[in-house]
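I opened a fresh page for this one. My plan is to look things up piece by piece and jot down what I find.

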Amino acid sequence: MSTKARNRIDQLTREIRDHQFKYYVLDQPTITDSQFDLLLRELSDLESKHPELRADDSPTLNVGGGFETSFQQHDHLEKMMSLDNVFDDDELSTWFDRTEKETPVNEWLCELKVDGLAINLLYENGVLTRALTRGNGVTGEDVTLNVKTIKNLPHVLVGKNFPSLIEVRGEVFFPLEAFAQLNESLEELGKPLFANPRNGAAGSLRQKDPRVTAQRPLSVVVHGIGACEGATFNSQSAAYEALKGWGLPTSERYRVVSSRKEVTEFIANYEKHRHDIEHEIDGVVIKVNQIEQQVVLGFTSRAPKWAIAFKYPPEEVTTRLLDIKVSVGRTGRVTPFAFMEPVKVAGSTVTNATLHNAQEVIRKGILIGDVVVIRKAGDVIPEVLGPVIEKRTGSEKPFVMPTKCPDCGSELRAISEGDIDIRCPNTQYCPAQLRERIYYIGSRAALDIDVLGFESAQALLSDKIIEDESDLFDLTAEKLSNSDFFQKKDGKAAANAEKLLAALEQAKTRPLWRTLVALSIRHVGPTAAQSLATAFGSIDAIASASTDDLAQVDGVGSTIADSLVEWFGQEWHRQIIEKWKKAGVTMVHQQGQLAPQTLAGLTFVVTGGLIDFTRDSIAEVIAAHGGKSSSSVSKKTDYVLVGADPGSKLAKAQELGVPIIDESQFKKLLAKG
């Protein structure tokens with residue numbers, strides 16, 4: 001009986017801890033409270049009858065929410081190797097020669113080298129029991145609880161043919177879009193930023209409280225196998241298909257090729273399209289595909305001889321830092337930026353780069369006059385990484401943060417205790433803040449108003465067409481005729497005036513959450529705005545809500561709640577609301593006005609530029625009509641919508657046989673389903 005009881009206690013303990021994790025950490029319970037109580041009661045009864053079987057950490061002895069990662073160290077069952085690198089075609093050719101001298105190779109597997117954090121996942125009888133960082137290759141840190149918060153990673157393998165034990169190697173990464181949003185929120189809160197997505201992934205995975213990790217949208221891709229009992233594979237690609245069949249997240253971008261030329265073509269293609277991918281890559285990994293040949297080639301002390309990483313040139317360059325200036329943002333935050341000798345990086349010439357805040361300048365040890373290293377990935381704003389100290393001449397000088405606003409002369413100060421940023425308190429009249437707020441109203445993130453760009457915002461203010469954002473929706477053709485910017489002789493500006501007025505009319509119909517974002521309330525981004533609009537239903541209800549009521553809304557919390565109460569407490573802010581309301585701007589959440597669900601159940605991937613949709617608006621349209629947008633093409637994708645200058649997603653769709661449609665075909669689908 002004791003053996004049967006022991007097995008049942010072990011089973012109940014695992015099941016209860018799993019449900020506690022889903023409830024307390026993931027906030028995604030899969031059983032009711034009463035069902036959970038029955039499991040806990042059964043365990044308690046068994047332990048009462050067999051007290052010698054009660055574990056010190058039994059769920060009956062501990063509060064359910066006590067989850068904390070201790071980063072204890074454990075050995076990998078099989079050593080977690082690194083990879084050797086090559087940096088050009090000649091070095092790659094030498095590796096090919098050396099490999100083929102040992103064994104004839106007729107298949108190579110090429111895959112992207114994800115720039116993330118290496119992870120080792122142990123599944124026993126199909127259940128994820130442990131996750132370790134690489135560590136020194138022999139021993140890693142236990143981050144199991146944190147890894148279990150990653151949404152695309154299964155806790156239990158699917159199917160019937162998975163091995164009794166398997167170590168799965170992979171990479172934890174931060175999707176670029178999510179990483180940019182995280183850093184933006186950290187910057188707005190005055191907290192230190194992550195230098196890059198890899199650091200963001202590592203920092204998020206090494207949180208002691210897994211609930212913090214659960215709030216970070218990490219992802220994982222698997223690409224290798226360590227120890228394995230109960231399964232064998234004849235090729236690397238067959239192993240990948242098996243992993244995919246067991247529900248593990250494998251890459252859709254690997255390719256098996258039969259010649260060196262195809263390998264170099266794969267490398268060249270992804271170097272050209274590396275910024276079309278949802279995560280950062282720093283090269284391509286080439287592996288001998290056949291396992292039998294891998295065994296012949298073997299390992300060095302640190303890396304397999306049958307695999308190599310071709311590393312792309314780093315997107316970092318050096319240039320001279322001529323000066324450090326400051327800019328004033330729409331919420332008054334004063335941000336230093338680097339003014340540099342022009343330099344080409346990642347395909348474009350840049351002269352300015354962000355420095356985030358004065359503390360970052362000090363932390364990085366940057367002096368005016370330094371030769372500095374800057375980095376720019378894709379469309380991301382260039383960033384100064386640090387100085388090249390050995391190139392200093394002694395003429396460099398430290399940066400001193402100004403004490404007065406460069407645009408209005410107000411004394412700069414920290415707005416709240418613990419805020420590492422200093423701000424201009426002249427929120428209503430500071431020309432820089434006013435210009436930036438109006439410019440932001442026209443951005444895709446807010447009301448998406450065509451023609452309302454930086455120059456338009458500047459012209460509206462400098463020509464005194466408007467005093468502040470409250471006048472924006474009262475613009476007329478007559479008022480715009482008083483601005484040279486909108487009345488140039490070539491007629492182009494006059495056409496812009498007509499476009500602006502038409503776009504302003506269209507912007508009035510945007511949903512309430514976009515109106516909230518457009519008001520530049522500190523900390524209120526799209527996620528919080530949508531939650532507020534749904535919870536309260538109108539701008540008036542939000543304005544009159546208490547701090548406690550606001551803080552209870554999912555995705556809001558106390559910091560945003562305080563900011564909302566402070567913002568609506570200003571008389572001139574309420575005047576903006578009233579003038580916009582009179583002009584017909586949406587101030588009520590349109591619940592119940594459901595668009596026809598013509599795209600229900602369909603998944604779309606969009607690549608290239610569209611004529612009648614922005615990247616944000618196409619995602620909204622798809623969601624409103626019941627569809628889903630995805631950033632990567634897979635066999636589960638229903639349609640790939642292709643616009644001008646499509647990226648590598650088009651080739652992937654063609655490779656997988658996913659239906660490809662253009663904008664006109666999408667509109668027909670939207671109308672008729």
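These are my notes, entry by entry.

**Entry 1: before anything else**

I reminded myself that this is a predicted model.

**Entry 2: the four-stranded sheet**

I started with a sheet and asked in what order its four strands lie. I read the order as E5-E4-E7-E8, in an open sheet with antiparallel pairing. Which strands stand at the edges? I found E5 (127–133) and E8 (219–229) there, each with a single partner strand, so one side of each has no neighbour in the sheet. I also looked up the twist: on average, neighbouring strands here are turned by 25° against each other, direction ignored.

Next I went through the pairs. E4 (residues 117–124) and E7 (residues 165–173) run antiparallel and are joined by eight bridges. I picked out Leu122, which stands opposite Glu167 in E7. On to E4 and E5: six bridges join them, again antiparallel. Here I noted Ile119, whose bridge partner in E5 is Thr133. E4 and E5 make a hairpin with two residues between them, and I marked Asn125 in the turn for its positive phi of about 50°.

**Entry 3: helices on that sheet**

I wanted to know which strands helix H6 lies across. H6 (residues 197–205) lies across E4 and E7, and I wrote down an angle of about 45° to E4. Then I checked H8 (residues 236–245), which lies across E7 and E8 and runs at about 110° to E8.

**Entry 4: E12, E13 and E14**

I moved along the chain to another set of strands. E12 (residues 316–328) and E13 (residues 334–345) are antiparallel, with seven bridges between them. They form a hairpin with five residues in between, and Gly332 in that turn has a positive phi of about 90°. E13 also pairs with E14 (residues 348–354), antiparallel over six bridges. I used Ala338 to tie the three strands together: Ala338 is the bridge partner of Ile324, and Ala338 also stands opposite Ala353 in E14.

**Entry 5: H12 against H13**

How do two packed helices get described? I use the angle between their axes and the distance between the axes. For H12 (residues 431–441) and H13 (residues 454–462), I noted axes that come within 9 Å and cross at roughly 130°. That makes H12 and H13 oblique to each other. I logged the crossing of H12 past H13 as right-handed. The contact uses Leu434, Arg435, Glu436, Ile438 and Tyr439 from H12, and Phe454, Ala457, Gln458 and Leu461 from H13.

I then asked which residues of H13 are buried. My list reads Ser456, Ala457, Ala459, Leu460 and Leu461. H12 and helix H14 (477–480) are included in what covers them. After H13 comes Lys464, and I noted its positive phi, near 55°.

**Entry 6: the loop between H16 and H17**

I looked for positive phi values in this loop. Ser520 lies between helix H16 (512–518) and helix H17 (526–536). Its phi is near 55°, positive although Ser520 is not a glycine. Is Ser520 buried or exposed? Ser520 counts as buried, because its relative accessibility is 7%. His523 is in the loop between H16 and H17 too, and I read its phi as near 80°, a positive value in another residue that is not glycine.

**Entry 7: Asp554**

I found Asp554 in the loop between helix H19 (547–551) and helix H20 (557–568). Asp554 counts as exposed, because its relative accessibility is 67%. I also checked Asp554 against Ala535: they are 19 residues apart in sequence and 8.9 Å apart in space, C-alpha to C-alpha.

**Entry 8: cysteines**

How many disulfides does the structure hold? I counted zero. I wondered why Cys405 has no bond to Cys408. Cys408 has the closest cysteine sulfur to that of Cys405, but at 3.7 Å it is too far for a bond, because the cut-off for a disulfide is within 2.5 Å. Cys405 is buried, at 4% relative accessibility. Cys228 counts as partly exposed, at 27%.

Key. Residues are numbered from 1 along each chain as its sequence is written. This is a predicted model: local features need pLDDT of at least 70, side-chain atom pairs count only at pLDDT 80 or more; totals for chains, interfaces and linings use all residues. Side-chain values use heavy atoms; hydrogens and water are left out. Buried means under 20% relative accessible area, exposed over 50%, partly exposed in between (1.4 Å probe, protein chains only). Two strands pair if DSSP finds at least two bridges between them. Axes are lines fitted to C-alpha atoms, for helices over the stretch in contact, and angles run from 0 to 180 degrees between N-to-C directions. Contact means heavy atoms within 4.5 Å. Angles under 35 degrees count as roughly parallel, over 145 as roughly antiparallel, 65 to 115 as roughly perpendicular and the rest as oblique. A crossing is left-handed if the near helix is turned anticlockwise from the far one by less than a right angle, and right-handed if clockwise.
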